[in-house]
Amino acid sequence: KYLPQIKVDADKFESCVETIIRQVENIGVMVNEFSNFARLPEPKLSPVNMVKIIDQVMEQQKNLNQPIEYVHITSDMSALVFNCDATQISQVLVNLLQNAADAILESDKQHGTIMVSIEPKDRWQFHICVDDTGPGFPEQYKDRLTEPYVTHKKKGTGLGLAIVKKIVEDHGGVLSLEQAPGGGARVRLKFYIEH
């Protein structure tokens, strides 16, 4: 609206306006994520096929991030039933897959791979691992990445992994950040099956 009236440094004015708009959008994203983090409800548990949930979330993410290859390893399982809140566990997977995609796309790589595996460890527990071929977690503050507002991503709010950790712990599970074999990041979710 005011650009035609600017006689000096019109380019700088336009650049500053774009910066303000971009920062307002970033604040909006942060407010939404903070609201989600602060208002996470108690999980509503029911028996859920974890293999199917992973398949569904991966299919959605494939459509959003075309240059990335998604691989689901299930150890020939068609089902692994876990008593959980399907919506919250889906949110965990969405956050982890989006983090992995962001890490790959923000690096110099033009394409990459995200691999999700689900593996029963014994009768009482199973692990879900999300591996990516991005640059991996920064060692200097890897232990703090699940704290609110700590991030190493260019556009991160620092709430994605905090939300993931909260949901996983609300389901009696444990989250750990590791280095994937061959480089990249691995997020391991360890869940316990009640018998």
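Biologist: Which strands does helix 3 lie across, and at what angle does helix 3 run to strand 4?
Modeller: In this predicted model, helix 3 covers residues 86-106. Helix 3 lies across strand 2, strand 4 (112-120), strand 5 (125-132) and strand 7. Its direction relative to strand 4 is about 145°.

Biologist: Which strands does helix 4 touch, and what angle does its direction make with that of strand 6?
Modeller: Helix 4, residues 160-170, packs on the sheet. Helix 4 touches strand 6 and strand 7. With the direction of strand 6, the helix makes about 135°.

Biologist: Which strands stand at the edges of the sheet?
Modeller: The sheet is open, with five strands in the order 2-4-5-7-6 and mixed pairing. An edge strand has a single partner strand, so one side of it is left without a neighbour in the sheet. That applies to strand 2 (68-73) and strand 6 (174-179).

Biologist: In which sense do strand 6 and strand 7 pair, and which residue in strand 7 stands opposite Leu 177?
Modeller: Strand 7 spans residues 185-192, and its pairing with strand 6 is antiparallel over six bridges. Opposite Leu 177 in this pair of strands stands Val 187.

Biologist: Which strand gives the largest share of the lining of the second largest pocket?
Modeller: The second largest pocket holds about 190 Å³ of space. Its lining includes Val 81, Phe 82 and Asn 83, and by class has six nonpolar, three polar and one charged residues. The largest share, three residues, comes from residues 81-84, which form strand 3.

Methods: Residues numbered from 1 in each chain as written. Predicted model: local features only at pLDDT ≥ 70, side-chain atom pairs only at ≥ 80, totals over all residues. Heavy atoms only, no water. Pairing = 2+ DSSP bridges. Helix = DSSP H or I, 4+ residues; strand = E, 2+ residues; numbered from the N terminus. Contact = heavy atoms within 4.5 Å. Axes fitted to C-alpha atoms, helices over the stretch in contact; angles between N-to-C directions. 1 Å grid on protein atoms, 1.4 Å probe; cavity = no way out; pocket = protein on both sides within 12 Å on 5 of 7 lines; lining within 4 Å. Points joined across faces, edges and corners; volume = space filled by probe spheres on them. Nonpolar A, V, L, I, M, F, W, Y, C, P; charged D, E, K, R; others polar.
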